[in-house]
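Grab a coffee and open the viewer: here are some exercises to work through, each with a solution right after it. Try each one by eye before reading on.

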Amino acid sequence: MNTPVHIPATSCRDTPILKERGQREVFCGLTGIIWLHRKMQDAFFLVVGSRTCAHLLQSAAGVMIFAEPRFGTAILEETDLAGLADANDELDREVGRLLSRRPDIKQLFLVGSCPSEVIKLDLARAAQRLTQIHAPHVRVLNYSGSGIETTFTQGEDACLASMVPVLPGTEARELLLVGALPDVVEDQAVGLLKKMGIGPIRVLPAPRSSDAPGVGPNTVFACLQPFLGDTAAALERRGARMISAPFPFGEEGTTLWLRAIAKEFGVDDATFEAVTAAPRARARTAIANASEHLRGKTIFFMPDSQLEIPLARFLTRECGMEAIEIGQPYIHKGLVGPDLDLIPAGPTISEGQDVDKQLDRVRAARPDLTVCGLGLANPLEAEGLTTKWAIELVFTPVHFYDQAGDLAGLFSRPLRRRALLKLEERA
Ligand code: SF4
């Protein structure tokens, strides 16, 4: 437990943040439905939006086509948008039809979109009205996934934050893990904590509404993702206390995240070592193997997934990369402060985006690897730059020890591919 952590003398915590508020190139918060619907087995996400929103979901979630879907779109037609029809009546009818067809639905999320925002459809009031109609069988909640307001990972934050006010109260001292991870990764985390004797452990989101965790003054919670600022604030308003730590990416991040929780629960050093020594060693070996192509390479993060700062910490400290710029859609130091503390001062830290100016900085720096959204990757590749799609980092299991090597591999793959292409060109 006492493995020394190298803390840089001057870290990125104190680096002045370059704040940009220009045009940005990111997916909207509807994207979160793709992974949230897999975690919440009795929930349904009804996007109140346009055909564009329906297309986004359909193409992003193409894999779901053979399964019983747990999301859909209530299309706002032109008459709604022109204010000629009462969109609330149509919404009530649509929800009534859906719930009579699908008795398995226990939680229904009305998800706002750009069009519903533009016509100022009050989905909070609609959710209250529909809860009264369909209680106690179904609870109706609402949140916004609109591209006007949210980046793609903020959809999860908005969804979880909407659930917090209706979680039951409790006085129990419990650990709440917050964030939707693939089940296998969540099981690894819970398994490690339980081996240290930590518990009871609850998770948000729970797989079913009947398993919803309680929250109260004795709840301590740890976020699994760095984009859950609104959810953390909502939990704090219910009296819960956050355990602050670097995020569990890589061997070091995972160890420090576990260590902060272990400290909170009074786990002794010997127990911590006994539980973590073997997976830590495995993670170190896997990272060393996978990061061979990353050492000494430069990286530029454009703001997209909101994972940028913790990932930069992992890549610079554990994989030998050098960060030129670390851009995040927004910077919540209450969440990513412990990661910033560990990144030595040097890279530009930017918040928000002014895409043309940022592209100019990328072209000037010519980093070995640029992490960016899908829309920017192809033009940059055409200019001879190597890119990594940020969205893959959200769809791939990357947290905790057993995924640490895969996480490094996600970044080294495009560099290896580029090196192979160069060899072929020369041959
Ligand atoms: S919410 Fe807005 S950005 Fe997202 S798909 Fe719909 S129209 Fe497009």
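Two strands count as paired if DSSP finds at least two bridges between them. Keep that in mind for the sheets, and remember that this is a predicted model.

**Exercise 1. Work out the strand order of the open sheet that contains strand 2 and strand 4, and find its edges.**

Step 1. The sheet has four strands, and they run in the order 3-2-4-5 with parallel pairing.

Step 2. Now look at the ends of that order. Strand 3 (71–75) and strand 5 (139–144) each have a single partner strand, so each has one side without a neighbour in the sheet.

Step 3. Ignoring direction, neighbouring strands here are turned by 25 degrees against each other on average.

Step 4. Zoom in on the middle pair. Strand 2 (residues 43–49) and strand 4 (residues 107–112) are linked by six bridges in the parallel sense. To spot the register, find V48, which sits opposite G112 of strand 4.

Step 5. Add the helices. Helix 4 (residues 87–101) packs on the sheet and touches strand 2, strand 3 and strand 4. The direction of helix 4 makes about 155 degrees with that of strand 2. Helix 6 (residues 123–134) lies across strand 2, strand 4 and strand 5, at about 170 degrees to strand 5.

**Exercise 2. Which residues touch the most other members of the largest nonpolar core?**

Step 1. A bit of background: in soluble globular proteins, nonpolar side chains tend to be buried together.

Step 2. The largest nonpolar core has 121 residues, and F45, L46, F109, L110 and V111 touch the most other members.

Step 3. Take L46 and skip its neighbours within four places in sequence. What's left is contact with G72, A74, V95, L98, L108, F109, L110 and V111.

**Exercise 3. List the residues around the ligand and sort them into nonpolar, polar and charged.**

Step 1. The shell is made up of C28, L30, G49, S50, T52, C53, L56, S113, C114, G145, S146 and G147.

Step 2. Sorting them gives five nonpolar residues, seven polar ones and no charged ones. Glycine is counted as polar here.

Step 3. Where does the largest share of the shell come from? Helix 2 (residues 51–60) supplies it, with three residues.

**Exercise 4. Trace the open sheet that contains strand 8, and say how strand 8 is paired.**

Step 1. This open sheet has four strands in the order 7-6-8-9, with parallel pairing.

Step 2. Strand 7 (201–204) and strand 9 stand at the edges with a single partner strand each, so one side of each has no neighbour in the sheet.

Step 3. Strand 8 pairs with strand 6 (residues 174–178) through five parallel bridges. Two pairs to check are E174 opposite T219, and V178 with its bridge partner C223.

Step 4. Strand 8 also pairs with strand 9 (residues 241–242), again in the parallel sense, over two bridges. Here V220 stands opposite R241.

Step 5. Is strand 8 (residues 219–223) mostly covered or mostly open? Mostly covered: four of its five residues are buried.

**Exercise 5. Find the cis peptide bonds before P136 and P205, and place each proline.**

Step 1. Most residues other than glycine have a negative phi, and most peptide bonds are trans.

Step 2. A135 and P136 are joined by a cis bond with omega of about 0 degrees. P136 is in the loop between helix 6 and strand 5.

Step 3. L204 and P205 are also joined by a cis bond, with omega of about 5 degrees. P205 is in the loop between strand 7 and strand 8.

**Exercise 6. K120 and Q306 have positive phi values without being glycines. Decide whether each is buried or exposed.**

Step 1. K120 has phi of about 55 degrees and lies in the loop between helix 5 (114–118) and helix 6. The cut-off for exposed is 12 or fewer other C-beta atoms within 10 Å. K120 has 7, so K120 is exposed.

Step 2. Q306, with phi near 75 degrees, is in the loop between strand 10 (298–301) and helix 12 (308–318). Buried takes 20 or more. Q306 has 28 C-beta neighbours inside 10 Å, so Q306 counts as buried.

Definitions and conventions. Residues numbered from 1 in each chain as written. Predicted model: local features only at pLDDT ≥ 70, side-chain atom pairs only at ≥ 80, totals over all residues. Core = buried A, V, L, I, M, F, W, Y, C linked by C-beta atoms within 7 Å. Contact = placed C-beta atoms within 7 Å. Near = placed C-beta within 6 Å. Axes fitted to C-alpha atoms, helices over the stretch in contact; angles between N-to-C directions.
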